[in-house]
Amino acid sequence: MEIHAKQARPDSKNRADRARMLISCPDGPGIVAAVSHFLHQHGANIVQSDQYTMDPAGGMFFMRIEFDLPELTASLAKLESDFAEVAERFKMEWSLSAVSRKKKLAIFVSKEDHCLVELLWQWQAGDLDADIALVVSNHLDMKDYVESFGIPYHHIPVTADTKKEAEQRQLDVIGNDIDVIILARYMQIISPMFIEHYRNRIINIHHSFLPAFVGGKPYAQAYNRGVKIIGATAHYVTEELDGGPIIEQDVQRVSHGDDVTELKRIGRTIERVVLARAVKWHVEDRILVHENKTVVF
């Protein structure tokens with residue numbers, strides 16, 4: 001399930017002094033007032049605020065705030081420390097981040113290039129406000145292309161017998177400062193051990209409109225069923241195959257005249273657009289996860 005509460009993105013001219021706060025907690029009176037009062041007391045100016053409640057009577061409350069605070073870098077640690085009292089009072093799960101700190105991405109890819117290329121184009125154009133730190137692949141097909149962007153390319157082959165060792169090598173090259181991993185048509189199942197390192201920080205693109213056609217050869221499944229729409233789903237990776245919290249989906253109408261090859265062509269376009277949206281929303285701190293659902297502001 002995906003819940004949208006979209007508003008126009010505010011102007012980010014003052015990036016050095018701008019921060020974002022994400023909050024989820026049990027709903028109740030006074031949450032918005034307490035957060036607003038806290039920020040006002042600390043000299044912050046709220047420039048955007050989005051909120052959503054699942055049920056005012058005992059449900060969960062979600063909030064995303066962007067605010068400007070002069071000399072933010074020097075004040076951020078104290079702001080986090082002081083907010084702990086508010087968070088404890090309302091039993092909040094929360095995060096606070098400076099907009100000027102770009103998230104670092106690691107992209108995993110196999111042989112199909114369309115999703116990777118879309119992310120690289122958007123990054124190069126400045127539309128993806130993040131740093132692509134490295135690309136990891138179990139094949140060499142994209143090495144020259146990726147390195148032409150000045151991005152390190154790590155070739156780590158994976159077989160059934162070497163999967164555990166390969167994942168350890170992947171964790172080693174990623175290091176400790178990667179914020180999110182994108183599976184840009186990386187055709188390997190991620191182990192529970194790997195997932196635990198990056199809970200709700202691995203984004204996958206599934207070449208189908210979940211929950212339909214889970215697993216392999218979804219376009220052949222769709223063709224055999226005579227579907228009239230096909231789609232793609234971007235979701236966080238969990239231990240349940242293709243069952244993690246859904247971030248974004250899209251579809252396109254097709255007809256009986258479209259064979260498997262045409263379905264794949266149409267599907268590739270949907271996949272790259274859907275994945276790019278999901279990554280963009282993640283790096284802009286627009287997603288809150290609750291159980292197996294997302295709230296996307």
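Which strands does helix α5 (residues 163-174) lie across, and at about what angle does α5 run to β7? In this predicted model, local features need pLDDT of at least 70 and side-chain atom pairs count only at pLDDT 80 or more, while totals for chains, interfaces and linings use all residues. Residues are numbered from 1 along each chain as its sequence is written, and side-chain values use heavy atoms, with hydrogens and water left out.

Helix α5 lies across β6, β7, β8 and β9 and runs at about 155° to β7. Helices (H or I, at least four residues) and strands (E, at least two) are DSSP runs, numbered from the N terminus. Axes are lines fitted to C-alpha atoms, for helices over the stretch in contact, and angles run from 0 to 180 degrees between N-to-C directions; contact means heavy atoms within 4.5 Å.

The strands just named belong to an open sheet of 7 strands with mixed pairing, in the order β8-β7-β6-β9-β10-β11-β12. Two strands are taken to pair if DSSP finds at least two bridges between them. At the edges stand β8 (153-155) and β12 (246-253), each pairing on one side only. Neighbouring strands here are turned by 20° against each other on average, direction ignored. Helix α3 (residues 114-125) also packs on this sheet, where it touches β6 (103-109), β7, β9 (180-183) and β10 (202-206), and its direction makes about 155° with that of β7. Strand β7 (residues 130-137) and β8 are joined in the parallel sense over 3 bridges, with Val136 opposite His154 in β8.

A further open sheet has 4 strands in the order β3-β4-β2-β5, with antiparallel pairing. Its edge strands are β3 (45-53) and β5 (93-98), each of which pairs on one side only. The average turn between neighbouring strands of this sheet is 10°, direction ignored. Between β3 and β4 (residues 60-68), 8 bridges make up the antiparallel pairing, and Gln51 stands opposite Met63 in β4. Helix α1 (residues 31-41) lies across β2 (18-26), β3 and β4, running at about 20° to β4.

Turning to a single side chain, Leu263 is found in helix α8 (residues 260-283). Leu263 counts as buried because its relative accessibility is 3%, where buried means under 20% relative accessible area, exposed over 50% and partly exposed in between (1.4 Å probe, protein chains only). Not counting residues up to four places away in sequence, Leu263 touches Tyr219, Tyr223, Ile230, Val254 and Asp258. The C-alpha atoms of Leu263 and Ile247 are separated by 23 Å, with the two residues 16 apart along the chain.
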